[in-house]
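Hi,

Here is the structure I promised to pass on. Have a look at it first, and then read on for what I found in it.

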Amino acid sequence: MGGLNLLRLTVVLCSVTLSASAWSVNNFLLTGPKAYLTYTTSVALGAQNGIEECKFQFAWERWNCPENALQLSAHRLRSATRETSFLHAISSAGVMYTITKNCSMGDFENCGCDESKKGKTGGHGWIWGGCSDNVEFGERISKLFVDSLEKGRDARALMNLHNNRAGRLAVRATRQRTCKCHGISGSCSIQTCWLQLADFRELGDYLKTKYDRALKIEIDKQWLKAGNSAEGHWAPTKAFLPSAEAELVFLEDSPDYCTRNSSLGILGTGGRECVQGSRHTLQRGQGSCGRLCTECGLQVEETMAEAVSSCNCKFHWCCTVKCEKCRHVVNRYNCVHPRRA
Ligand SMILES: *[C@@H]1O[C@H](CO)[C@@H](O)[C@H](O)[C@H]1NC(C)=O
Ligand SMILES: *[C@@H]1O[C@H](CO)[C@@H](O)[C@H](O)[C@H]1NC(C)=O
């Protein structure tokens with residue numbers, strides 16, 4: 001069954017060449033089939049949620065999901081890196097997520113909760129009930145809009161389609177069973193349960209883990225160069241294994257993202273704020289000064305900044321709380337270029 005998924009993916013490809021895997025939200029609106037105009041606003045919202053989650057997940061990484069990563073058409077930024085794989089997965093998942101939620105909320109006339117199993121026994125002491133999120137519908141709309149951006153028949157397009165799908169599978173995989181108790185005075189002798197989408201943050205965490213262990217597919221380098229997107233001319237040495245359908249895949253190694261290179265759309269880490277590592281404070285981005293500055297040959301600059309917060313709060317009978325404003329000094333850290341001696 002090796003290579004099976006690649007073949008299956010080619011089926012959904014459209015025509016022409018991959019002019020640019022354009023990732024601006026507007027493209028969803030322009031390429032969506034006309035009959036589906038009803039969904040365009042929600043599709044755009046979903047894609048936007050995906051991008052925002054990307055920014056959150058990568059806030060303290062060298063590549064921090066910059067805006068320009070999404071507007072590729074101007075530059076020929078057709079990268080096929082691990083980062084590209086995440087962008088595709090999270091956008092596709094975001095669209096599916098939003099549309100699915102819309103269905104459960106009754107926002108669209110032609111979809112609602114998934115009630116296919118309603119009333120059936122699910123397991124010991126519980127039956128299906130409530131409103132299970134209708135992932136099939138969201139999946140279909142996401143596939144229709146997001147996958148239609150891939151016009152090419154080259155390795156890059158296949159990679160994008162694979163990762164779009166992996167994103168949608170992640171929406172399914174992170175669903176949770178939620179239950180409600182019934183029975184005499186809430187004795188919980190019987191429960192009704194439904195499948196509900198996880199928080200979008202959880203989905204972001206899940207895909208970030210997939211990103212960390214994304215698989216590199218070895219292909220002949222020449223098929224990645226511009227102008228070599230002719231169909232049927234690429235030959236993967238390692239097929240997308242069916243067992244890897246839920247994994248993120250990429251074709252090219254990432255640059256180190258340290259140094260600014262505007263022709264590649266890389267911003268570099270100069271000027272970025274970072275968080276010093278400390279054993280006592282566990283916070284997101286901890287230790288990022290090493291990753292963003294030192295390891296990129298930059299220095300860490302510490303600056304003092306004044307912060308104001310509420311303090312010495314007193315409770316006054318009844319019922320107000322009065323606080324003073326306290327000023328204190330906080331340290332900020334940024335990456336700076338070393339001064340020449
Ligand atoms: C879909 O849901 C989003 C919030 O998740 C909401 O802003 C949007 O208006 C909804 N779409 C429709 C068509 O109601
Ligand atoms: C930017 O990247 C291109 C392609 O790798 C390279 O040829 C060029 O020298 C780089 N420019 C800078 C300023 O590093």
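Let's begin in the middle of the protein. This is a predicted model, and its largest nonpolar core has 33 residues, of which Cys54, Trp63, Phe86, Leu203, Leu207, Leu248 and Leu251 touch the most other members. Who supplies this core? At least two residues each come from helix H3 (40-57), helix H4 (82-104), helix H6 (155-173), helix H7 (200-212) and strand E6 (249-250). H4 gives the largest share, seven residues.

Two long-range pairs are worth a click while you have that region on screen. The first one starts at isoleucine 90, which sits in helix H4. Isoleucine 90 has a relative accessible area of 0%, so it counts as buried. Its C-alpha is 8.5 Å from that of leucine 203, although the two positions lie 113 residues apart in sequence numbering. Leucine 203 is also one of the core residues that touch the most other members.

The other pair links aspartate 212 with phenylalanine 86: they are 126 residues apart in sequence, yet 9.7 Å apart in space, C-alpha to C-alpha. Is aspartate 212 buried or exposed? Its relative accessibility is 52%, and the cut-off for exposed is over 50%, so aspartate 212 counts as exposed. You will find aspartate 212 in helix H7, while its partner phenylalanine 86 is among the core residues with the most contacts to other members.

Now for two of the helices. H6 has 19 residues and reaches 26 Å from its first C-alpha to its last, close to the 27 Å expected at 1.5 Å a residue. Why is H6 described as largely enclosed by the rest of the structure? Because 16 of its 19 residues are buried. Helix H5 (residues 135-147) has 13 residues, and its end-to-end C-alpha distance of 17 Å is close to the expected 18 Å. The buried residues in H5 are Val135, Phe137, Gly138, Glu139, Ile141, Ser142, Phe145, Val146 and Asp147.

On to the ligands, which I expect you will want to see. Around ligand 1 you will find Ser42, Leu45, Asn102, Asp107 and Phe108. Sorted by class, that shell has two nonpolar, two polar and one charged residues. What do the polar side chains do there? An N or O atom in the side chain of serine 42 is 3.0 Å from a nitrogen atom of ligand 1. Asparagine 102 has a polar side-chain atom 2.4 Å from an oxygen atom of ligand 1, and for aspartate 107 the distance from a side-chain N or O atom to an oxygen atom of the ligand is 3.3 Å. On its own, ligand 1 has 360 Å² of accessible area, and the protein covers 50% of that.

Phenylalanine 108, from that same shell, also has a distant partner in sequence. Threonine 38 is 70 residues away along the chain, but the two C-alpha atoms are 8.4 Å apart. Threonine 38 lies in the loop between helix H2 (25-31) and H3. With a relative accessible area of 56%, threonine 38 is exposed.

What surrounds ligand 2? Its neighbours are Asn261, Ser263 and Leu264. A polar side-chain atom of asparagine 261 is 2.2 Å from one of the ligand's oxygen atoms. The protein covers 27% of the 360 Å² that ligand 2 has accessible on its own.

Last, a couple of backbone oddities. Most residues other than glycine have a negative phi. Cysteine 65 has a positive one, near 55°. Cysteine 65 is in the loop between H3 and H4, and its relative accessibility is 0%, so it counts as buried. Asparagine 312 also has a positive phi, near 45°. Where is asparagine 312? It is in strand E8 (residues 299-316). Asparagine 312 has a relative accessible area of 46%, so it is classed as partly exposed.

That's the tour. Shout if you want to go through any of it together.

Cheers

Methods. Residues numbered from 1 in each chain as written. Chains lettered and ligands numbered in written order. Predicted model: local features only at pLDDT ≥ 70, side-chain atom pairs only at ≥ 80, totals over all residues. Heavy atoms only, no water. Near = heavy atom within 4 Å. Polar contact = N/O pair within 3.5 Å; in protein donor to acceptor, adjacent residues only side chain to side chain. Areas by Shrake-Rupley, 256 points an atom, 1.4 Å probe, with all protein chains shown as cover. Nonpolar A, V, L, I, M, F, W, Y, C, P; charged D, E, K, R; others polar. Helix = DSSP H or I, 4+ residues; strand = E, 2+ residues; numbered from the N terminus. Expected span 1.5 Å × (residues − 1). Buried < 20%, exposed > 50% of the residue type's maximum accessible area, 1.4 Å probe, protein only. Core = buried A, V, L, I, M, F, W, Y, C linked by side-chain atoms within 4.5 Å.
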